[in-house]
Amino acid sequence: MSQLTRLSKFGYGVGHVLNDLCSSLWFTYLLIFLNKVERFPNTLAGAVLLIGQVADGISTPFVGTQADRTDDTAFCMKYGRRKTWHLAGTIFVAAAFPFIFMGCLGCGLTEAGYQVLYLAPFVVIFQFGWAAVQISHLALIPSLTSEPHERTELNAIRYAFTVFSNITVYLITWLALGLQSTSAADSVIGPDDAATFKMIVGSVLSVGLVFSVIFHGAVKEHNYYSAYVPITSSDDGDDDFLHSRSVSSQSSVNSQHYAATVLHMSPIDWFKKKQFYLVAVLYMCTRLFCNLSQAYMPIYLQDTLVLSPQSVAYIPLTMYVAGFITTTSIKPINVRFGRKVSYLLGSLLGLSACIWINFGAGPVYSKYMVYPMAALLGAGSSTMLVTSLSITADLIGNNVESGAFVYGAMSFTDKLSNGVAIMIIQYFSPY
């Protein structure tokens, strides 16, 4: 039986739109903006992104532990712990993110290394705010409902709006670059597109802030305060976790089990559970696949396939339309076949797209076959991401007191690994 109203589900779904819009710009266009528009060397462009990922990685465990604290102020008690962190993060994101795509104001022809120092504080503030919104938003899921399949539905709705956000960014970018490119000479993105990127950033921030207001008005958080009970044995918990994930037909029984069994775990207790590490690795690998494919798709389109500037919008748009369609089928697949089958399906779709990219060449591929390749990549990414988030929510169960810590730990592995991976690629494979 549903524990949430449609309004609450919709309100929760739009609560991460601002983050998703900024994340889409960050991963899809930051490297190409710094390299093509600001003329940063490859390693310095990668350094800016690495600074952001490290800042985010450090922020997420901090936000996770602080958001789980029960010694709240009167405002937090009334407004909600998670929503308070969400509100603070939204303010930081809105205040800092625009400066990242404005270039170094007043720097002129200053050396790129000094421009990196100028951008670093804005990047750190943005990433701290981004982490606060992400962790608090994810940690709301176990607090809002104890029904496993309803949690899957919330993750699916959340990801559907993630796809919507990316589609919005790509449509705005497509329109902006299309208006800017008025001649055959505008075959690549360059310094003349600086004003275009400022317009894009301003537009997407306005959209994101509207949805943030909707989230704070539609979602009501109920704080849960319970005495901490130490966990004396982690083996039984791991066995229950594995059993409940492998038998999808027992979902209603598992739901009742979760509702009746609430183990108030501290961070130390989580570190004793082997499933905690397995899920962290799974989430990290999923994010690596999604974020790296998103970051390097525009560069692949511009430098390898030599397509038009608008291609950096409509090819990623194809990916996310396919991802949006895929999210509608995630819940029935999870219900009928379980998490493992769903994740395996997403992995196979993503692997097929990677093989296609590796062997794809020629005018036919560049003109026609790049679209089904992008659709496969989007479908695989969305399936893997939604399923991995659902597995993380399953790991938490009804242990909502430490839910933010778990999501913070998962996100730490994600951010750090992505930053290091991109820096290595930038260093060894300059374009």
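Is Leu416 buried or partly exposed? In this predicted model, Leu416 is partly exposed, because its relative accessible area is 33%. The residue belongs to helix 17 and contributes to a nonpolar surface patch, which is described below together with the overall fold, the core, selected residues and the salt bridges.

The overall architecture is helical: the protein contains 17 helices and zero strands. Of its 431 residues, 57% are buried. The protein exposes about 17500 Å², and carbon and sulfur atoms supply 69% of this area. Contacts were also examined with respect to sequence separation. When those between residues at least 6 apart in sequence are considered, 84% join residues at least 24 apart.

The interior was considered next. The largest nonpolar core comprises 101 residues, and those with the most contacts inside it are Leu25, Tyr29, Phe97, Phe101 and Phe126. Helix 2, spanning residues 17-37, gives the most to this core, with 14 residues. The surroundings of Phe101 illustrate the packing in this region. With residues up to four places away in sequence set aside, Phe101 touches Leu25, Tyr29, Leu30 and Phe33, and also Phe197, Lys198 and Val201. Two of these partners, Leu25 and Tyr29, are themselves listed with Phe101 among the core residues that have the most contacts.

Two further residues show how separate parts of the chain meet. Ser165 lies in helix 7, which covers residues 148-180. This serine is classed as buried because its relative accessible area is 0%. A polar atom of the Ser165 side chain is placed 2.7 Å from the backbone oxygen of Phe161. Beyond the residues up to four places away in sequence, Ser165 touches Val17, Asp20 and Leu21. Ile214, in contrast, is partly exposed, with a relative accessible area of 31%. The position of Ile214 is in helix 8, residues 194-218. Its contacts outside the neighbours within four places in sequence are with Phe10 and Val14. The C-alpha atoms of Ile214 and Gly15 are separated by 7.6 Å, although the two residues are 199 residues apart along the chain.

At the surface, a nonpolar patch of about 750 Å² is formed by Val54, Ile58, Phe412, Leu416, Val420, Ile424, Tyr427 and Phe428. Helix 3 (42-67) and helix 17 (403-428) each supply at least two of the patch residues. Helix 17 provides the largest share, six residues. Leu416, the residue of the opening question, is one of the patch members, and its place is in helix 17.

A search of the whole structure identified four salt bridges. In one of them, Asp303 pairs with Lys36, and the closest N and O atoms are 3.2 Å apart. This pair links distant parts of the chain, with Asp303 in helix 12 (residues 274-304) and Lys36 in helix 2, at a separation of 267 residues. The two partners differ in exposure class: Asp303 is partly exposed, with a relative accessible area of 31%, whereas Lys36 counts as buried at 17% relative accessibility. The latter assignment follows because buried means under 20% relative accessible area.

A second salt bridge joins Asp394 to Arg339, with the closest N and O atoms 2.7 Å apart. Asp394 lies in helix 16 (residues 363-396) and Arg339 in helix 15 (residues 339-359), so the pair ties together parts that are 55 residues apart in sequence. Asp394 counts as buried at 4% relative accessibility, and Arg339 is likewise buried, with a relative accessible area of 8%.

Asp414 forms a salt bridge with Lys415, for which the closest N and O atoms are 3.3 Å apart. Asp414 is buried, with a relative accessible area of 0%, and Lys415 counts as buried at 3% relative accessibility. Salt bridges that share partners join Asp56, Asp414 and Lys415 into one network.

Notes. Residues numbered from 1 in each chain as written. Predicted model: local features only at pLDDT ≥ 70, side-chain atom pairs only at ≥ 80, totals over all residues. Heavy atoms only, no water. Helix = DSSP H or I, 4+ residues; strand = E, 2+ residues; numbered from the N terminus. Buried < 20%, exposed > 50% of the residue type's maximum accessible area, 1.4 Å probe, protein only. Polar contact = N/O pair within 3.5 Å; in protein donor to acceptor, adjacent residues only side chain to side chain. Contact = heavy atoms within 4.5 Å. Areas by Shrake-Rupley, 256 points an atom, 1.4 Å probe, with all protein chains shown as cover. Core = buried A, V, L, I, M, F, W, Y, C linked by side-chain atoms within 4.5 Å. Patch = residues over 30% accessible without salt bridge, like charges linked within 9 Å, V, L, I, M, F, W, Y side chains within 5 Å. Salt bridge = Lys/Arg side-chain N within 4 Å of Asp/Glu carboxyl O.
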